[in-house]
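Good morning, everyone, and thank you for making the time. Please have a look at the sequence and the structure on the screen before I start talking.

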Amino acid sequence: MRLRPLKKHKGWSEIITQCPICGKSGWCAINDEKDIVRCMRVPSDEYIESGIGRQYLHYLNPDHLSQIEIEIVHAESVDKRDDEHLNMVYRTLIEEMKLSSEHLYHLRNIRHLSDHEIAQRQYRTMPTTERYKVAQRVLSRFSESTSLLGVPGFFTQAGNHGSYWSMAGMAGLMIPFHSIKNEIIGWQIRVDEPPLVLDMEGAIKGEVMRELEPTPFGMRRARCKLFVQDKEMEVILTEKQEKVCYSKSNQFVFKVVLKQGTRYWWWSSGSKDNGSSIGAPVPYHLALPTACLPYWNIGESPEGIIDCSEVWVTEGPFKADKAAEALQKPVFGLPGIGTYSLILEPLKHLGCKHIVIAFDADLIVKPQVQKTLELCAEFFAKNTDMSMSLALWDLSLGKGIDDLLNEGYLPQLSVMLE
Ligand SMILES: [Zn+2]
């Protein structure tokens with residue numbers, strides 16, 4: 001497990017690798033004693049509100065992590081700059097980056113976006129190589145040599161002739177996040193090759209050590225370290241091939257499967273020199289129909305160009321972009337369903353009267369999502385007088401609101417708050 005000590009929360013570290021509670025990477029934190037996790041994704045009855053959203057407390061068995069190697073990552077990171085500065089740098093970055101033909105294909109044929117939408121939404125490709133050249137071109141367009149300092153994603157690397165600026169993150173499709181004032185305040189990367197992680201159940205612990213060459217059939221493989229009944233072993237696991245172990249008396253002991261981890265990552269550089277973390281607060285994304293975009297000036301909120309009395313809320317920036325276009329309404333894309341507190345002030349600012357929540361249709365079968373939804377309704381009931389509805393549809397018509405709208409259907413609305 002890799003940990004990065006949090007400067008602003010003494011005694012706590014961000015879990016860079018898989019969180020022991022939600023199994024996802026990044027965002028969640030653990031205390032120095034390693035017995036409490038503040039998970040951002042799995043609700044519990046005890047929580048604290050913070051700049052990056054609601055953090056749920058989970059108590060660990062004291063020796064739960066004793067066998068996992070802990071690696072501490074230290075770096076001289078700097079605080080994130082204000083939205084105005086981030087917007088200036090990120091808009092320059094857009095001009096200096098391209099969209100690869102693979103990503104264009106994905107947007108056209110998998111996401112079913114029109115070429116007009118693709119151009120208007122300004123998606124870009126994070127290349128695998130020569131990133132320092134892009135960073136150099138961006139920097140050269142500013143008079144201040146410190147312009148990239150405090151901009152998440154950028155960091156300095158030591159070279160033979162002194163340090164130079166480069167860009168962090170895995171290669172993938174970059175999706176910009178817009179504030180209600182049309183400032184680009186961050187990016188998520190839909191990574192081309194999500195890192196492999198272990199999905200474990202029962203009396204087993206373990207971690208992925210390194211990825212190996214794929215099988216002749218193209219399945220990804222990794223060397224993994226597993227701990228079963230205090231015995232350590234190294235095994236090679238192949239993606240999606242489940243290993244289940246039963247005892248002699250036919251009792252379930254453990255299950256482990258290697259699978260692709262998180263697909264969407266913040267573009268952040270908080271664990272690198274002169275880099276900056278995306279957090280505190282993390283960005284949200286407001287999507288408008290593309291027809292509105294030419295009239296949406298930077299620094300202005302959009303009430304004058306689109307009716308904001310009803311605002312839709314979904315999870316993820318792509319879904320928000322798709323839904324805004326199909327519904328011709330303003331749509332917020334939350335970075336995670338538990339981060340609804342991020343949009344409280346933006347919704348008030350827009351003069352929203354009615355919020356429509358459109359999370360994935362499988363929420364009905366996920367108790368965690370149900371719980372989050374209840375807390376969300378409670379939160380808006382306490383802090384606003386807005387009404388709230390839940391968008392519902394049959395899961396067979398599509399998982400996300402984007403899938404549903406692609407198929408030409410509209411969801412039904414069920415009242416949550418009058
Ligand atoms: Zn977690």
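I will go through the domains, then a pair of helices, and then a small sheet.

Please keep in mind throughout that this is a predicted model. The protein chain is divided into four parts, which are domain 1 at 2–72, domain 2 at 83–193, domain 3 at 197–260 and domain 4 at 285–417. If we take the centres over C-alpha atoms, domain 1 and domain 2 are separated by 29 Å.

Let me turn to the helices. At what angle do helix α1 and helix α4 pack? Helix α1 covers residues 83–96 and helix α4 covers residues 131–140, and the two pack at an angle of about 125°, while their axes lie 9 Å apart. Angles of 65 to 115 degrees count as roughly perpendicular and those over 145 as roughly antiparallel, and the value here falls in neither class, so α1 is described as oblique to α4. The crossing of these two helices, α1 and α4, is right-handed. On the side of α1, the contact is made by V89, T92, L93 and E96, and on the side of α4 by V134, R137 and V138. When we sort the residues of this contact by character, we find four nonpolar, one polar and two charged.

Now to the sheet, which I would like to take strand by strand. This is an open sheet of three strands, in the order β13-β18-β17, and the pairing is antiparallel. Which strands stand at the edges? They are β13, at 196–202, and β17, at 243–246; each has a single partner strand, and therefore one side of each is left without a neighbour in the sheet. From one strand to the next, the twist averages 10°.

Consider how β18, which spans residues 252–260, is joined to each of its partners. With β13, strand β18 pairs in the antiparallel sense over seven bridges. Along this pairing, L196 stands opposite Q260 of β18, and D199 has V257 of β18 as its bridge partner. With β17, strand β18 pairs over four bridges, again in the antiparallel sense, and here V244 stands opposite K255 of β18.

Finally, how many residues lie between β17 and β18 in their hairpin? There are five residues between the two strands, and within the turn N250 has a positive phi of about 70°.

That is where I will stop, and I am happy to go back to any part of the picture.

Definitions and conventions. Residues are numbered from 1 along each chain as its sequence is written. This is a predicted model: local features need pLDDT of at least 70, side-chain atom pairs count only at pLDDT 80 or more; totals for chains, interfaces and linings use all residues. Side-chain values use heavy atoms; hydrogens and water are left out. Axes are lines fitted to C-alpha atoms, for helices over the stretch in contact, and angles run from 0 to 180 degrees between N-to-C directions. Angles under 35 degrees count as roughly parallel, over 145 as roughly antiparallel, 65 to 115 as roughly perpendicular and the rest as oblique. A crossing is left-handed if the near helix is turned anticlockwise from the far one by less than a right angle, and right-handed if clockwise. Contact means heavy atoms within 4.5 Å. Ala, Val, Leu, Ile, Met, Phe, Trp, Tyr, Cys and Pro count as nonpolar, Asp, Glu, Lys and Arg as charged, and the others, Gly among them, as polar. Domain bounds come from an automatic or database domain assignment. Two strands pair if DSSP finds at least two bridges between them.
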